[in-house]
There are 2 protein chains.
Amino acid sequence: MTTINEVARHAGVTPATVSNVLRSRGRVGAETRQRVLDAIDALGYRPHLAARALAEGRAPTLALMVSSIANPFYPEFALAVERAARASGHFVIICNTNEDPLMGRAYLDQIAGTLSEGVLVMNANLDFADLHLTEARGAPVVLCMWEKPNDPPGLPSVAVDFALAGRLAASHLIELGHRRIGAIVGSKVSGIHTPRYEGFVAAMKAAHLTVHAEHVRHAPDTVQGGYAAAHELLSANPEITALFATNDLPALGAIHAAADLGLAVPGDLSVTGITDIQLARESRPALTTVAVPTAEAAKLAVTLLRELIATGTRPSDMAPVLYETSPPRLVVRASTAPPRSARRPSRSR
Amino acid sequence: MTTINEVARHAGVTPATVSNVLRSRGRVGAETRQRVLDAIDALGYRPHLAARALAEGRAPTLALMVSSIANPFYPEFALAVERAARASGHFVIICNTNEDPLMGRAYLDQIAGTLSEGVLVMNANLDFADLHLTEARGAPVVLCMWEKPNDPPGLPSVAVDFALAGRLAASHLIELGHRRIGAIVGSKVSGIHTPRYEGFVAAMKAAHLTVHAEHVRHAPDTVQGGYAAAHELLSANPEITALFATNDLPALGAIHAAADLGLAVPGDLSVTGITDIQLARESRPALTTVAVPTAEAAKLAVTLLRELIATGTRPSDMAPVLYETSPPRLVVRASTAPPRSARRPSRSR
DNA sequence: ATGAAAGCGCTAACAG
DNA sequence: CTGTTAGCGCTTTCAT
């Protein structure tokens, strides 16, 4: 490994000068500068990032906490985060908590402030106390996609209007003429999808439609979860002509369930999701959903984090910042249509 | 930020002792040990990973080079890599090259050997010269899923028998009774899918079936790519009863194309993929495919990398290691069936 | 315009 | 058992 000292010697200068030309900081003579550059080139020198970090008192990475990168939503987000991070010279370390708060804590304990300068958290089922602790220890934390505006997180966050997303999807179904609309709401435990559901309820109420308790099901936030919930829901309530799901994955599962029940989508059943993951456009029938500004949220989150890092602001010093993204928007595709007057009876699979 | 010195002072010992208890290395008195532990606890001390890395002359992370984490295959792999990496105390930095060799080089230049102790490369369209350079600079490189056994990469790698995968899928189709089988092969440029295709050809040959040039199409390795290729291929050659795709994503696209052409899968057309990504089991009809041991490959790759790091072996010192995973295996699902004698004519969409 | 020197937080011999 | 002493590679005042 070639060090800055070797470069210096090779160029007949001191390390300080090399450092100066490297960061175009100090005033360095053109001729010396060139000699240094040549030496760097000749020796194939690359600055040692860890050493630099230590000397500068900063860390070269950002930590991205997710529950599992295998969830199809995260990669799209992670990609956007990485792009934004590179722009500020940071690398991103991916931290899968596997839904386990203890894993999350272990990560935070180890890297926050020592290897990572800040941490971005996506819904990763983390202990808020741990997050506040890592803040207190000097590593800013930002929540990347806060869903509950009425329940401020006490941490800097970027927020997306998910209630609006819920309203948009529900309104679309209602405008199409659906009256008996079922709902599949994900993540009951964390309650993270509550605003989406409330948006749905609000839209129903605005249309003077009642949501029947027996028409809503909670399900894990997966294709499987949506499948099971929809299968059960549709079997028990054949009068339903449309399904509102709080997320794309369960919506996709619902479409599969419909297929297995002999229900055509959108002929016999309309289905909507929320998020607009890549899969939503790539599956058949393509999913009507409400697109959430993922890339924008990622960029905002990184920007916010950078600011916190730069100003060295301890979140306790101020009211937690909350950046809001542009509003989600409806994307109509092939999984929704007006209801048929006559529904085929559902055959059991 | 609390440092090891503060802990030492608080406990009435020297930093060396603190370091010793931290890494349970030196022989430390039980009572002193406890005092140190208490101090650590009281002060909320966490070792500074960058400083430690510098002092130890090693880096705490591994770099994972992928073309784009948004490709549905990578997250599953990345998850397995991360698990394995954690086991050896490494964090993983995700490097999206975006298919651009220059981005790849930029990453390698910056982190290899200084922030990352080693680099794992998934098909990321990297310049081999760059990889050899980073090796020479002291950061071991391992190829995570080498596809071409006959074309040794000159780098330590873990290899998967993709030719076998191709044979398995083709044989399945043949055994089902298909005779006119089309092929959609991905990634023409990198030629990375060649062995898969050769496996297909071998199986056809073994069954005394000829593969017609007009029955094979090259396509980008995406759902879209598979869709377009299949649509064109099926329109032009209605006699085809089965499609062999070298990857799951294009296979899924082919299924969509079939749907749009009014062809039932598997009634009118059988389709196979390779890899068995999560999506393969979650889409409908569920995809018959050949499962590649992703997690195993990830684990092997990390193991191999760790060995290279530990022994400090310069790859030029030895014949490049090549670990082979267990063989891929056929997973029959709902996208394949015996051919119908009478095929419905394809209607144009 | 360049050099000397101190130090970032930690580890690793070696002494005692 | 514990303390002392040197760095790891780089940056950064402060001199010159």
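## The surface near DNA strand D

Helix H4(A) gives the most to the surface near DNA strand D, contributing four residues, where a helix is a DSSP run of H or I with at least four residues, a strand is a run of E with at least two, and both are numbered from the N terminus. This is a predicted model, in which local features need pLDDT of at least 70 and side-chain atom pairs count only at pLDDT 80 or more, while totals for chains, interfaces and linings use all residues. Residues are numbered from 1 along each chain as its sequence is written, chains are lettered from A and ligands numbered from 1 in the order in which they are written, and side-chain values use heavy atoms, with hydrogens and water left out.

Around DNA strand D there are 25 residues, and the closest are Ile4(A), Tyr45(A), Arg52(A), Gly29(B) and Thr32(B); a residue counts as near when one of its heavy atoms lies within 4 Å of the molecule or strand. Of the atoms of DNA strand D that come within 4 Å of the protein, 75% belong to sugar and phosphate. Some individual approaches fall under the heading of polar contacts, that is, pairs of N or O atoms within 3.5 Å, where within protein one atom must be able to donate a hydrogen and the other to accept it, and residues adjacent in sequence count only if both atoms are side-chain atoms. An N or O atom in the side chain of Arg52(A) is 2.6 Å from a phosphate oxygen of DNA strand D, a polar side-chain atom of Ser19(A) lies 3.1 Å from a phosphate oxygen of this strand, and a polar backbone atom of Gly29(B) is 2.5 Å from a phosphate oxygen. The elements that give two or more residues to this surface are helix H2 (15-22) and helix H4 (49-56) of chain A, together with helix H2 (15-22) and helix H4 (49-56) of chain B.

By class, the surface near DNA strand D divides into 11 nonpolar, eight polar and six charged residues, with Ala, Val, Leu, Ile, Met, Phe, Trp, Tyr, Cys and Pro counted as nonpolar, Asp, Glu, Lys and Arg as charged, and the others, Gly among them, as polar.

## The surface near DNA strand C

DNA strand C has 25 residues around it, of which Gly29(A), Thr32(A), Ile4(B), Tyr45(B) and Arg52(B) come nearest. Sugar or phosphate accounts for 79% of the atoms of DNA strand C within 4 Å of the protein, and the rest belong to bases. A backbone N or O atom of Ile4(B) lies 2.3 Å from a phosphate oxygen of DNA strand C, a polar side-chain atom of Arg52(B) lies 2.5 Å from a phosphate oxygen of this strand, and an N or O atom in the side chain of Thr17(A) is 3.0 Å from a phosphate oxygen. Two or more residues each come from H2 and H4 of chain A and from H2 and H4 of chain B, and H4(B) gives the most, with four residues.

## The interface of chains A and B

In the contact between the two protein chains, 43 residues of chain B meet 44 residues of chain A, contact meaning heavy atoms within 4.5 Å. The chains bury about 4200 Å² between them, 61% of it on carbon and sulfur atoms; buried area is the accessible area (1.4 Å probe) that two parts lose on being put together, summed over both.

Four salt bridges are found across this interface, a salt bridge being a side-chain nitrogen of Lys or Arg within 4 Å of a carboxyl oxygen of Asp or Glu. Arg46(A) forms one with Asp109(B), their closest N and O atoms being 3.3 Å apart. The side chains of Asp109(A) and Arg46(B) also meet in a salt bridge, at 3.3 Å from N to O; this pair runs from helix H6 (residues 101-111) of chain A to the loop between helix H3 (30-43) and H4 of chain B.

## How the two copies are related

Chain B is superposed on chain A by a rotation of 180° with 0.0 Å of shift along its axis, at an RMSD of 0.1 Å, the fit being by least squares on the C-alpha atoms of residues with pLDDT of at least 70 in both copies. The two copies are thus related as by a two-fold rotation axis. In chain B, the C-alpha nearest the axis belongs to Ile93(B), 2.2 Å from it.
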